[in-house]
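Grab a pencil and work through these exercises on charged pairs and surface residues. Try each task yourself before you read its solution.

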Amino acid sequence: AILVIGACGQLGSELTLELRKLYGNANVVAADIQYPKQAELRETGPFEIVDVLTPQHLADLAAKYKFDQIYHLAAILSATGEKNPKFAWRLNMDGLFNVLDFALEQKVEKVYWPSSIAVFGPNTPRQNTPQDTIMDPNTVYGISKQAGERWCEYYFLKYGLDVRSLRYPGLIGYKALPGGGTTDYAVDIYHQALAKGTYKCFLSENTRLPMMYMPDALKGTLDLMHAPLEQVKVRSSYNLAAMSFTPQEITASIQRHYPDFTITYEPDGRQQIADSWPQSINDSAARQDWGWQPSFTLDTMTDDMLLNLKRTNN
Ligand code: VAH
């Protein structure tokens with residue numbers, strides 16, 4: 001069976017549904033700290049309450065299921081992490097250790113753990129950021145992702161655990177609201193365009209950030225997890241990219257459908273986080289090693305997002 005920890009999150013909820021389509025509903029166990037709001041998640045397969053800080057919860061699951069893959073997605077994201085630094089560090093790091101040790105004990109075949117462009121910091125080259133470069137993250141989330149990458153590589157090199165990881169850009173999807181990220185303005189803006197015709201943006205208009213539409217993130221994750229072992233040459237975490245845009249550019253993309261849509265700018269504390277991150281990412285290693293190739297552009301993402309939000313809102 002496959003275990004998805006953090007299955008109620010923005011990525012987890014979509015990845016769980018995708019895995020169930022691929023591997024069969026009963027073979028994908030969704031787990032999170034609370035029950036899912038999304039009916040599709042509740043009704044399509046097994047769900048278990050798991051606090052990843054309680055190893056006994058994981059041991060109890062091993063009595064019920066034989067896991068051959070684990071996707072460990074539970075984490076506190078950048079903005080929320082800055083409000084509660086010690087807890088964010090504890091959940092992101094001790095949660096990872098509990099899952100890595102559980103995977104070793106249970107001889108799990110493959111583990112997936114997401115990293116982020118948040119591992120880069122103010123002194124990282126901001127254009128076309130290389131796979132291997134200066135990393136001086138200054139958010140707890142970014143520090144925990146940088147440390148987590150080191151530990152995933154350690155568990156692979158020392159214990160042979162097949163852990164695989166991607167440094168996601170900001171992820172945008174219509175199925176689940178994100179929780180506490182800095183890039184989440186790019187999800188909210190679509191909801192507000194439909195609901196109110198205007199959006200108050202918490203980042204300034206020229207804040208360029210690497211972003212990716214959820215279908216591309218799902219494709220990249222599954223392509224990496226299905227790649228033969230010898231193709232996975234990076235065991236910290238692969239840079240992954242699709243597009244970069246500013247609030248002004250996504251507004252223009254939305255205005256192709258809603259010419260009267262307006263945006264106002266009121267940067268808050270998240271502006272400093274965004275300013276510490278790269279503006280574009282070099283993902284040539286992922287393209288060379290296991291054939292990564294994104295499909296969506298800003299405009300085709302906008303077309304798909306608005307179409308699906310209108311459909312699900314009615
Ligand atoms: C965040 N969406 O904003 C996450 C992601 C690159 C951004 O890590 O914290």
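**Exercise 1.** Which side chain meets Arg 287 in a salt bridge? Then sort both partners into buried, partly exposed or exposed.

*Solution.* Keep in mind that you're looking at a predicted model.
- Step 1: The partner is Asp 283, and the N to O distance is 2.6 Å.
- Step 2: Check that distance against the cut-off, which is 4 Å between the side-chain nitrogen and the carboxyl oxygen.
- Step 3: Now the accessibility. Asp 283 has a relative accessible area of 5%, and buried means under 20%, so Asp 283 is buried.
- Step 4: Arg 287 comes out at 33%, so this residue is partly exposed.

**Exercise 2.** Which residue forms a salt bridge with Lys 64, and where do the two sit along the chain?

*Solution.*
- Step 1: Lys 64 pairs up with Glu 48, and their closest N and O atoms are 2.6 Å apart.
- Step 2: Lys 64 belongs to helix α3 (residues 55–64), while Glu 48 belongs to strand β3 (residues 47–49). The two are 16 residues apart, and the pair links distant parts of the chain.
- Step 3: Look at the surface. Lys 64 has a relative accessible area of 57%, so it counts as exposed. Glu 48 has 14%, so Glu 48 is buried.

**Exercise 3.** Why does the pair of Asp 299 and Arg 256 tie together parts that are 43 residues apart in sequence?

*Solution.*
- Step 1: Start with the contact: Asp 299 and Arg 256 form a salt bridge, with the closest N and O atoms 3.4 Å apart.
- Step 2: Find each partner. Asp 299 lies in helix α12 (residues 298–313), and Arg 256 lies in the loop between α9 (247–255) and β14 (262–265), so their salt bridge ties those parts together.
- Step 3: Sort them by accessibility. Asp 299, at 32%, is partly exposed, and Arg 256, at 43%, is partly exposed too.

**Exercise 4.** How many salt bridges does a search of the whole structure find?

*Solution.* The search turns up 12 salt bridges.

**Exercise 5.** Which residues form a nonpolar patch on the surface together with Trp 151?

*Solution.*
- Step 1: The other members are Tyr 154 and Tyr 159, and together the three have about 300 Å² of accessible area.
- Step 2: Place Trp 151: you'll find this residue in helix α6 (residues 140–159).
- Step 3: With a relative accessibility of 33%, Trp 151 counts as partly exposed.

Notes: Residues numbered from 1 in each chain as written. Predicted model: local features only at pLDDT ≥ 70, side-chain atom pairs only at ≥ 80, totals over all residues. Heavy atoms only, no water. Helix = DSSP H or I, 4+ residues; strand = E, 2+ residues; numbered from the N terminus. Buried < 20%, exposed > 50% of the residue type's maximum accessible area, 1.4 Å probe, protein only. Patch = residues over 30% accessible without salt bridge, like charges linked within 9 Å, V, L, I, M, F, W, Y side chains within 5 Å. Areas by Shrake-Rupley, 256 points an atom, 1.4 Å probe, with all protein chains shown as cover.
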